[in-house]
Amino acid sequence: MAGRTACLVLLAGAAAIASGSQGDREPVYRDCLLRCEERNCSGGALKHFRSRQPIYMNLAGWTCRDDCKYECMWVTVGLYLQEGHKVPQFHGKWPFSRFLCFQEPASAVASFLNGLANLVMLCRYRTSVPASSPMYPTCVVFAWVSLNAWFWSTVFHTRDTDLTEKMDYFCASSVILHSVYLCCVRTVGLQHPAVASAVRALLLLMLTAHVSYLSLVRFDYGYNMAVNVAMGLVNAAWWLAWCLRNQRLPHVHKCVAVVLLLQGLSLLELLDFPPLFWVLDAHAIWHISTIPVHVLFFSFLEDDSLYLLKESEGKVKLD
Ligand SMILES: [Zn+2]
């Protein structure tokens with residue numbers, strides 16, 4: 001019974017969010033959607049729609065109603081532009097030109113490339129760093145957690161549904177928290193493993209509570225954003241403090257650059273404009289901009305892991 005109540009609350013929340021934008025509140029859009037669904041989405045018309053729908057659209061879960069929403073969105077945008085109004089949003093999003101089954105092609109491709117950069121750098125890391133390096137396991141797990149997040153980001157930007165949106169958000173949070181853990185292991189955990197274990201348990205508890213709240217109580221975009229920004233700032237401040245104390249290490253400048261770049265680039269998310277050519281919005285530009293940052297961060301992790309290995313073998317003098 002409790003589960004059922006939670007589901008109903010969730011659906012009500014999703015419905016409130018789904019009908020929250022100017023474009024989808026427009027009577028022209030609503031009429032268009034109603035007529036399109038009556039005409040195409042039942043009985044023989046629906047069979048005809050299904051027989052004509054390309055297989056990749058079917059596999060990606062595009063329904064007749066989704067197609068109607070897409071067509072009516074462009075009808076409404078056309079009318080807005082004709083009458084000299086600003087481009088409206090629909091269901092919380094700008095209008096995007098879809099490509100094949102990709103709902104937001106630029107963000108989907110950029111997410112895929114972020115994942116690819118992670119994978120390439122993970123392979124490079126595993127080739128050049130021996131598994132006996134103290135940071136090896138933590139860095140490898142971090143790469144897999146990141147890869148998982150970029151996979152879901154690619155899926156979400158290909159096809160936005162309730163489930164793919166949640167997976168994108170939850171996996172993004174898992175990367176931020178694992179990044180805090182990575183920083184903790186590097187700065188404190190190598191000397192004090194018990195502290196690293198305690199922090200790991202605390203972060204896992206936080207992630208569980210965060211995901212449970214968002215999926216069972218309320219999917220609150222503002223709260224999710226606030227938690228991610230707060231943890232991101234903790235992470236940045238912790239890394240920078242370590243960099244300041246370890247300026248003598250030749251690879252520290254890479255870590256400083258990554259932290260400052262990530263903070264600076266995240267400001268792109270604050271920009272909000274209709275997509276250029278109906279493809280490139282601020283979110284896609286932000287996703288594109290982070291691709292080289294992964295390369296730089298893994299390059300830092302590689303240098304640092306090799307340094308730690310030498311240090312643990314006693315080749316580098318401990319200070
Ligand atoms: Zn995204």
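**Exercise 1. Work out how helices α12 and α14 pack in this predicted model, and what their contact is made of.**

Start with the geometry: α12 (residues 252-266) and α14 (residues 291-312) pack with axes 9 Å apart, at an angle of about 155 degrees. Angles over 145 degrees count as roughly antiparallel, so α12 is roughly antiparallel to α14. As for handedness, α12 passes α14 in a left-handed crossing.

Next, list who takes part. From α12 we get K254, C255, A257, V258, L261, L262 and L265, while α14 brings V293, L296, F297, S299, F300 and D303. Sort those residues by type and you end up with 10 nonpolar, 1 polar and 2 charged.

**Exercise 2. Find which residues coordinate the zinc ion, and how they are spaced in sequence.**

Step one is to pick out the donors. H157, H283 and H287 each coordinate the zinc ion through NE2, at 2.0 to 2.1 Å.

Step two is the spacing, which reads H-x125-H-x3-H for the donor residues. Now look at the short gap: H283 and H287 both sit in helix α13 (residues 282-289), and because they are 4 residues apart there, about one helical turn separates them.

Step three: is H287 buried or exposed? Its relative accessibility is 4%, and the cut-off for buried is under 20%, so H287 counts as buried.

**Exercise 3. Place S107 and N114 in the fold, then see which zinc donors they touch.**

Both belong to helix α7: S107 is in the helix, which covers residues 105-128, and N114 is found there too.

Check accessibility next. S107 comes out at 1%, so it counts as buried. N114 has a relative accessible area of 0%, so N114 is buried as well.

Then go through the contacts, skipping neighbours within four places in sequence. S107 is in contact with H157, D281, H283, A284 and H287. Cross-check that against the zinc site: H157, H283 and H287 are on the S107 list, and these are the residues that coordinate the ion. For N114, the partners are W150, H287, T290, I291 and H294, so the donor to spot here is H287.

One of those partners makes a nice sequence-versus-space example. N114 and H294 are 180 residues apart along the chain, yet their C-alpha atoms are separated by 7.5 Å.

**Exercise 4. Describe the setting of C101.**

Where is it? C101 lies in the loop between α6 (64-82) and α7. With 12% relative accessibility, C101 counts as buried, because the cut-off is under 20%.

What does C101 touch, leaving out residues up to four places away in sequence? The list is Y56, M57, A60, W62 and T158. For a distance along the chain, take T290: C101 and T290 are 189 residues apart, and their C-alpha atoms are separated by 24 Å.

**Exercise 5. Summarise the whole chain: secondary structure, extent, burial and contact range.**

Count the elements: there are 14 helices and 0 strands. For extent, the C-alpha atoms fill a box of roughly 75 × 45 × 35 Å along the principal axes.

For burial, 43% of the 319 residues are buried. Finally, take the contacts between residues at least 6 apart in sequence: 71% of them join residues at least 24 apart.

Technical notes:
Residues are numbered from 1 along each chain as its sequence is written. This is a predicted model: local features need pLDDT of at least 70, side-chain atom pairs count only at pLDDT 80 or more; totals for chains, interfaces and linings use all residues. Side-chain values use heavy atoms; hydrogens and water are left out. Helices (H or I, at least four residues) and strands (E, at least two) are DSSP runs, numbered from the N terminus. Buried means under 20% relative accessible area, exposed over 50%, partly exposed in between (1.4 Å probe, protein chains only). Contact means heavy atoms within 4.5 Å. Axes are lines fitted to C-alpha atoms, for helices over the stretch in contact, and angles run from 0 to 180 degrees between N-to-C directions. Angles under 35 degrees count as roughly parallel, over 145 as roughly antiparallel, 65 to 115 as roughly perpendicular and the rest as oblique. A crossing is left-handed if the near helix is turned anticlockwise from the far one by less than a right angle, and right-handed if clockwise. Ala, Val, Leu, Ile, Met, Phe, Trp, Tyr, Cys and Pro count as nonpolar, Asp, Glu, Lys and Arg as charged, and the others, Gly among them, as polar. Donors are N, O and S atoms within 2.8 Å of the metal (3.2 Å for Na, K and Ca); water is not among the atoms, so sites may look incomplete.
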